[in-house]
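Me: I should like to go through this structure by question and answer. Please let each reply close on the item requested.

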Amino acid sequence: MSDKRDYYEVLGVAHDADQRTIKRAFLKKARELHPDVNKAPDAEERFKEVNEAYSVLSDEQKRANYDRFGDPNGPAGFGGGSGYVDISDIFGGMGMDDIFSSFFGGAGGHGTRERRRAGRDMAIRLTVTLEEAALGCTKTIGYDRLAPCEDCGGKGYADGATERSCPTCRGTGFVTTVQRSIFGQVQSSAPCPDCHGEGTVIDHPCEMCDGQGRTPTHERIDIQVPAGVSTGAKLRVSGYGEAGWRGAPAGDLIVTVEVAEDDRFQRRGDDLACTVSVSMTQAALGTTVEIEGVMPDEGVSVEVPAGTQPGATVRVAGKGMPRVSGSGRGDLVAHIEVAVPRKLTGEQRACLERFAELTGETVEKRKNFGERLRDAIDDIID
Ligand SMILES: [Zn+2]
Ligand SMILES: [Zn+2]
């Protein structure tokens, strides 16, 4: 067992604390400890601890597992099942550190940081199975972002508070200083320290978000994956990227789909290729092989004509992947493999020798009695 501290203890909240209390406690501690603001040697370690506790307690599923089993992932070997994917792979220049820096980095700073009003887009990868891609599916995903603050509705200020023009910079967002030097007067302009370059100030900023209108949040949303989707497809979820500053427009969440390799089918555009094995007699005489299709409970009849050669292909129209446009499906392309028997019974051998006689082929002669006896003993041992 690890000597990790209890997550509730780390955040200093009761075991039955609601989400709002947990978030408030987290934000308060994280603001004090963020490495951008706190230069104490252990600040980074403690910030990580607080962040880990919050990432578990802010997710109802992980919290329930933690309460019940002492492990956010549930008991060993329990994983999966629910179709819920927790995504930590946020790319496109926005990792977890970036989310926190956007939020905590500038808080109480000196206005040197350039504020972005509109939120940025965020990008994640989502892997689905070939079956899920064929049928279309809904995936519930969890990820972290700066989301509009629930307490103030994203405005950044408490009810009854007002936003007014900043008196320091007279609403321009910049202050100009004039310095004397040996070359004469030098004028320089810098973001206003009182409004951080915003041009407006609030008399009662929202306590939860410290006036930003957004907070680091573990988001949980459903993603609709359309039938026929292929690797590299991008799904855009409007408004689920980084929330904007004080109610400015949020960025989008861009989900790049990856369709996992399948054991049975290889995808070629909308067609699906697979291998079907028949015996040499079936190849010679023709047969129909029933296989399972890509759709649930779908049977596909692969008709192998008489005289089929090894490596030949049989195309079954309309049994491939659905087209993402919604107009029909691709084909299933079966590559035929011909299996030659490794062992023959006496009767089978006699039949084939007779066949060779009819076609005038030269074949190995039937073994003598001693060899056949040894084969028979081998058969019994096998
Ligand atoms: Zn707020
Ligand atoms: Zn100002």
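Me: Is Cys 206 buried or exposed?
Reply: The model is a predicted one. Buried means under 20% relative accessible area. Cys 206 has a relative accessibility of 5%, so this residue counts as buried.

Me: Which residues are the protein donors of the zinc ion (ligand 1)?
Reply: The donor atoms lie 2.3 to 2.4 Å from the zinc ion (ligand 1), and each is an SG atom of a cysteine. Along the chain, the donors follow the spacing C-x2-C-x53-C-x2-C. The protein donors are Cys 149, Cys 152, Cys 206 and Cys 209.

Me: What is the geometry of the site of the zinc ion (ligand 1)?
Reply: Four donors count as tetrahedral if all angles lie between 85 and 135 degrees. The angles among the four donor atoms of the zinc ion (ligand 1) are 104 to 115°, and the site is tetrahedral.

Me: What is the relative accessibility of Cys 209?
Reply: Cys 209 is among the donors of the zinc ion (ligand 1). This cysteine counts as buried, because its relative accessibility is 0%.

Me: What spacing do the donors of the zinc ion (ligand 2) follow along the chain?
Reply: The zinc ion (ligand 2) is coordinated at 2.3 Å by the SG atoms of Cys 166, Cys 169, Cys 192 and Cys 195. With angles of 102 to 116° among the four donor atoms, this site is tetrahedral. Along the chain, the donors follow the spacing C-x2-C-x22-C-x2-C.

Me: What is the relative accessible area of Cys 195?
Reply: Cys 192, one of the donors of the zinc ion (ligand 2), is buried with a relative accessible area of 0%. Cys 195 is buried too, and its relative accessible area is 4%.

Me: How far away from Asp 144 is the nearest side chain of opposite charge?
Reply: Asp 144 lies in strand β4, residues 137-148, and a polar contact of 3.1 Å joins its side chain to that of His 218. A salt bridge requires a side-chain nitrogen of Lys or Arg within 4 Å of a carboxyl oxygen. Asp 144 is buried and has no salt bridge; the nearest side chain of opposite charge, Lys 62, is away by 6.7 Å.

Me: Which side chain does a polar contact join to that of Ser 327?
Reply: Ser 327 is in the loop between β16 (313-316) and β17 (332-339). At 46% relative accessibility, this serine counts as partly exposed. A polar contact of 3.1 Å joins its side chain to that of Ser 325.

Note on methods. Residues are numbered from 1 along each chain as its sequence is written. Chains are lettered from A and ligands numbered from 1 in the order in which they are written. This is a predicted model: local features need pLDDT of at least 70, side-chain atom pairs count only at pLDDT 80 or more; totals for chains, interfaces and linings use all residues. Side-chain values use heavy atoms; hydrogens and water are left out. Helices (H or I, at least four residues) and strands (E, at least two) are DSSP runs, numbered from the N terminus. Buried means under 20% relative accessible area, exposed over 50%, partly exposed in between (1.4 Å probe, protein chains only). Lys and Arg count as positive and Asp and Glu as negative; His and the chain ends are not counted. A polar contact is a pair of N or O atoms within 3.5 Å; within protein, one must be able to donate a hydrogen and the other to accept it, and residues adjacent in sequence count only if both atoms are side-chain atoms. Donors are N, O and S atoms within 2.8 Å of the metal (3.2 Å for Na, K and Ca); water is not among the atoms, so sites may look incomplete. Four donors count as tetrahedral if all angles lie between 85 and 135 degrees; four count as square planar and six as octahedral if opposite donors are over 155 degrees apart and all others between 65 and 115; anything else is irregular.
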